[in-house]
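Open the model in your viewer and switch on residue labels. The stops below are given in the order in which to select them.

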Amino acid sequence: RIRRELDKLDDNLLNIIKKRTTLVNLVIHNKKFKKDIVDKKRISVILKNIAKKSKRKNIDPQITNRIWKSMIRAFIDYEFRNFNKK
């Protein structure tokens with residue numbers, strides 16, 4: 001029963017990742033240069049906000065930090081791979 005719930009949750013996460021990818025595609029189209037892909041200041045702000053929100057929601061901030069860093073890296077890689085395809 002718990003595993004079924006986890007599977008359902010995984011499906012929901014996949015749908016969210018698909019929506020995020022759609023938004024990232026829009027971001028790619030608005031960037032003029034490849035050097036604009038990595039915005040260290042924005043990444044820092046995102047990670048700080050996620051840490052604050054995690055604490056407020058009583059979620060271990062180490063978990064969310066690792067997830068977001070991984071997701072950010074994956075989407076930066078995606079942007080580099082798809083930048084010239086726009």
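## First stop: asparagine 58

Select asparagine 58, keeping in mind that this is a predicted model. Asparagine 58 has a relative accessible area of 72%, so it counts as exposed, the cut-off being over 50%. Its place is in the loop between α2 (40-56) and α3. Now look at the backbone: asparagine 58 is not a glycine, yet its phi is positive, about 60 degrees. Most residues other than glycine have a negative phi.

## Second stop: helix α1

Select residues 2-30, which make up helix α1. How far apart are the end C-alpha atoms of this helix? They are 42 Å apart. That agrees with the expected span, because 29 residues at 1.5 Å a residue should also give 42 Å. The expected span is 1.5 Å times one less than the number of residues.

Stay on α1 and select isoleucine 2, which is found in this helix. Is isoleucine 2 buried or exposed? Its relative accessibility is 64%, so it counts as exposed. Add Leu6, Leu9, Leu13 and Ile16 to the selection: with Ile2 they form a nonpolar patch on the surface. Together the five have about 510 Å² of accessible area.

Next, select Thr21, Val24 and Ile28 in α1, which are buried. What covers the buried residues of α1? The cover includes α3 (61-82), so that helix is the next stop.## Third stop: helix α3

Select phenylalanine 75 and tyrosine 78, both in helix α3. They are three residues apart, about one turn of the helix. In general, an α-helix has 3.6 residues a turn, so residues three or four places apart point the same way. Phenylalanine 75 and tyrosine 78 are both buried.

How many aromatic pairs does a search of the whole structure find? The search finds one. Phenylalanine 75 and tyrosine 78 form this pair, with 6.4 Å from centre to centre. The planes of the rings are at 75 degrees to each other, which makes the pair edge-to-face.

## Last stop: asparagine 82

Select asparagine 82, also found in helix α3. Its relative accessible area is 17%, and asparagine 82 is therefore buried, the cut-off being under 20%. Then add histidine 29 and look at the two C-alpha atoms. Asparagine 82 and histidine 29 are 53 residues apart in sequence, and their C-alpha atoms are 9.7 Å apart in space.

Definitions and conventions
Residues numbered from 1 in each chain as written. Predicted model: local features only at pLDDT ≥ 70, side-chain atom pairs only at ≥ 80, totals over all residues. Heavy atoms only, no water. Helix = DSSP H or I, 4+ residues; strand = E, 2+ residues; numbered from the N terminus. Buried < 20%, exposed > 50% of the residue type's maximum accessible area, 1.4 Å probe, protein only. Contact = heavy atoms within 4.5 Å. Patch = residues over 30% accessible without salt bridge, like charges linked within 9 Å, V, L, I, M, F, W, Y side chains within 5 Å. Areas by Shrake-Rupley, 256 points an atom, 1.4 Å probe, with all protein chains shown as cover. Salt bridge = Lys/Arg side-chain N within 4 Å of Asp/Glu carboxyl O. Phe/Tyr/Trp six-rings, centres within 6.5 Å; stacked < 30°, edge-to-face > 60°.
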